[in-house]
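Grab the viewer and a pencil: here are some exercises on reading a fold strand by strand and helix by helix. Try each task before peeking at its solution.

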Number of protein chains: 2
Amino acid sequence: MNTAALPIGIFDSGMGGLTVLKELAQRLPHEDLLYLGDTARLPYGTKGQETIIRYTLKAARKLVDMGVKMLVVACNTATAAALPSLRAHFAAIPVLGVVEPGAQAAVAASSNKHIAVIATEATIAGGAYQKAIARLCPEAVITGRACTLFVPLAEEGWMDGPLVEGIARRYLEDILPLTGCGEKTHNEPDTLLLGCTHFPLLQDAMRNILAPQVRIVDSAATTADCVAAELRLRKMARPTPGGEHRFLTTDNPARFARTGSLFLGQSLAEGRISLVDL
Amino acid sequence: MNTAALPIGIFDSGMGGLTVLKELAQRLPHEDLLYLGDTARLPYGTKGQETIIRYTLKAARKLVDMGVKMLVVACNTATAAALPSLRAHFAAIPVLGVVEPGAQAAVAASSNKHIAVIATEATIAGGAYQKAIARLCPEAVITGRACTLFVPLAEEGWMDGPLVEGIARRYLEDILPLTGCGEKTHNEPDTLLLGCTHFPLLQDAMRNILAPQVRIVDSAATTADCVAAELRLRKMARPTPGGEHRFLTTDNPARFARTGSLFLGQSLAEGRISLVDL
C-alpha cells in the first residue's frame, strides 16, 4: 500500500482543533483528513498531566489503527503534555503538535520580545509555551495566563459583545495594555499568543479591548504551514487528488455538528461524523 | 458485618455534589461519608445519555465495591440519565437521586405552580425535572433553560459581581421576572429551581437580578432530608458515632481540594483526597 495515499490524522480533545483542520484544508486541498475529537472527555485543559497523556495515547492509537500517514495534535493541552510520549509510541509516522509552531509565530510577530501567552490551566501550568519560546529566543520575556472560561464561552457560541469583552478584560487587564490606557511603554507585551485552539473564536472581543499595538497570533496557520512543509520534505504528499474530510467523535454527533460549525465557519453535516469508543 | 456501620456513598461528576455532602453532614453528623467525584471526565452535562449512563455505572461500581450502605447520586445530570440503570444494577442497596427531591422542593415553594428549572444541557434535554414536577403536580407549568456557563463560572470561583449578573441576566431574562421590571403578573414563574449542584454558588448573583417574588430553591437540602428519612425507615443509621468524610477523585487532588473548598464553604485538606482510576 502507498502510505502517501493515507489521510492525515488530526487529534483534538474536542472541536477546537477544527480551526487547525480549516487551515490545513486551505493549504492542502488534495489531502484526505481524518479528525478525531474526544468530546466525551473534554475539556483536557483542567485535567492533570498523567490523565492527559493516557487519554491522548488512546486517541492516537485509534487513528493509527485506522491508518494515517501523519499525526497532527491540534490541541495545545495535549501537545504540551503528551507530544514526547506520542513520538515514542508512534515512531513510524511523523507527529506534529501546535506548541512549537505557535511559539515560532509569536517570536516572529514580536518586536520587543515581550510575549503574553494565554491558554488553558494545564497548558500554562505545564510551561510548554514558555519553554518553546525561550528555546527560540532566550532573551524573550514571557507572561502566561490561564483563561479557563474562554473554552466554554466559545463552545456556547458567545463570541462577542460587552459580556465577552468584560470577561476578556478581567483575564487580560493586568498582563497587557488595553485600549485607551495612555502611552505605549516598552515594558509591556506587544504580542498575544492564543495558546488554545478555542481562543481564535474570541479574537474580535480581545481586539476590541486591547491597545492597537498588541498583535494577536495563534498556532493554527503556522501549524498548517509546518504540516505542508513536512509532507514536502518527506515526499508524502498524496499522489492523486483526494480532499475527503471525515470526523470521529466519542460523544453526541449532533452536538459535534452544531458546535463544530462555529469552529469551521461553515456548516458541518451530521452524516460525516461517526461515533467511536476509545 | 453490620451493614449500618458502612459509609454512605455519594457520587458526583465533579465537585458540585459537595453542596449535597455539606447538607448531609449537617443532618447526619454521626454518619461516615465516602464521596467520589469523577473529575477526570467532567462535565457530564454536555455529554449524551448513553455516555453518562456508562460513566455513572462505573463510578457507582467503585463505591459499591469499596462498601457503602446507600448510594446518593448528588449530580442532577447523572440522576436524570442513569437512576433507573443504577437501581437495576445495584438492587441490594437504596439508590437516591437529586431530581425527585428537587422537584418536591419546587412544588412546595410555588404558589402559582409555574416553575422555571435551570440545569445543564443534558438535564434539560432529557426532561427529567419536567417529568418529575408533572408527576407531583400535573397542572404545573414548567419552563426549562440550560445555563451551560454557570458550571465553569462556579468552578472558576467567579460567583458574584456585574459580569456574573450579566451572564445570569442573559440566560434568565426571557423566562423569569427581573428586578425593577414593573408589576407582578400571574403568568410568570414564581419559583426558580436550581437543577444543578453547581448553581447554588451563583445564587446571590441570581437573587440580585430577579424580582423579589421569585423564590429560589435547590435540591441539596431536600435530598439530605430524604436520605435521613430513608436511613430511619430502613433502620440503617450508624450504631456508633462515626463522622469520617473521605474523598475520591479521578484526577488532580490538588485542584479538587482548591475548588472543593468553594463548594463546601470551608477548607478541604488535600490529604483527605485519594486519586482513583475507574
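What follows is a set of tasks on this predicted model, each with a worked solution.

**Exercise 1. Check how far to trust the model**

Find the mean pLDDT of chain A and the ipTM of the complex.

*Solution.* Start with the single chain: chain A averages a pLDDT of 93, and 98% of its residues get to 70 or more. Then go to the complex, where the predictor reports an ipTM of 0.84 along with a pTM of 0.88.

**Exercise 2. Lay out the six-stranded sheet of chain A**

Work out the strand order of the open sheet in chain A, and say which strands stand at its edges.

*Solution.* Step one is the order: the six strands run S4-S3-S1-S2-S9-S10 in chain A, with parallel pairing. Step two is the edges: S4 (95-96) and S10 (273-275) of chain A each have a single partner strand, so one side of each has no neighbour in the sheet.

Step three is to fix the register, pair by pair. S1 (residues 8-12) and S3 (residues 70-73) of chain A run parallel and are joined by four bridges; look for Ile8(A) opposite Met70(A). Next, S2 (residues 33-37) and S9 (residues 245-249) of chain A share five bridges, also in the parallel sense, with Leu36(A) opposite Leu248(A). Lastly, S9(A) and S10(A) run parallel over three bridges, and Thr249(A) sits opposite Leu275(A).

**Exercise 3. Trace two crossovers**

Which helix carries the chain from S9(A) to S10(A), and what is the handedness of that crossover? Then do likewise for S7(A) to S8(A).

*Solution.* Leave S9(A), follow helix H11 (residues 253-264) of chain A, and you arrive at S10(A); this β-α-β crossover is right-handed.

For the second case, begin with the strands: S7 (residues 191-194) and S8 (residues 215-218) of chain A pair in parallel over four bridges. One handle on the register is Leu194(A), whose bridge partner in S8(A) is Asp218(A). The connection goes from S7(A) through helix H9 (residues 203-209) of chain A to S8(A), and this β-α-β crossover is right-handed.

**Exercise 4. See what a helix hides**

List the buried residues of helix H1 in chain A and say what they pack against.

*Solution.* H1 (residues 18-27) of chain A buries Leu18(A), Thr19(A), Val20(A), Leu21(A), Glu23(A) and Leu24(A). These buried residues pack against S1, S2, S3, H10 (219-233) and H11 of chain A.

Now hop over to chain B and describe H10(B): its span, its buried residues and what covers them.

*Solution.* H10 (residues 219-233) of chain B has 15 residues and spans 21 Å from first C-alpha to last, close to the expected 21 Å. Its buried residues are Ser219(B), Ala220(B), Ala221(B), Thr222(B), Thr223(B), Ala224(B), Val227(B) and Leu231(B). Among the elements covering them are strand S1 (8-12), helix H1 (18-27) and helix H4 (99-109) of chain B. Just past the helix, Lys235(B) has a positive phi of about 50°.

**Exercise 5. Sketch the interface**

How many residues of chain A are in contact with chain B, and which element gives the largest share?

*Solution.* The contact involves 18 residues of chain A and 18 residues of chain B. On the chain A side, helix H7 (150-156) and helix H8 (162-172) are the elements giving two or more residues. H8(A) has the largest share, with four residues. By type, the chain A side splits into six nonpolar, six polar and six charged residues.

How values were computed: Residues are numbered from 1 along each chain as its sequence is written. Chains are lettered from A and ligands numbered from 1 in the order in which they are written. This is a predicted model: local features need pLDDT of at least 70, side-chain atom pairs count only at pLDDT 80 or more; totals for chains, interfaces and linings use all residues. pLDDT is the predictor's confidence in each residue, from 0 to 100. The expected span of a helix is 1.5 Å times one less than its number of residues. A residue is buried if 20 or more other C-beta atoms lie within 10 Å of its own, exposed if 12 or fewer, and partly exposed in between; C-beta atoms are placed from the backbone. Two residues are in contact if their C-beta atoms, placed from the backbone, lie within 7 Å. Ala, Val, Leu, Ile, Met, Phe, Trp, Tyr, Cys and Pro count as nonpolar, Asp, Glu, Lys and Arg as charged, and the others, Gly among them, as polar. Two strands pair if DSSP finds at least two bridges between them. A crossover is right-handed if, with the strands pointing away from the viewer, the path from the first strand over the helix to the second runs clockwise.
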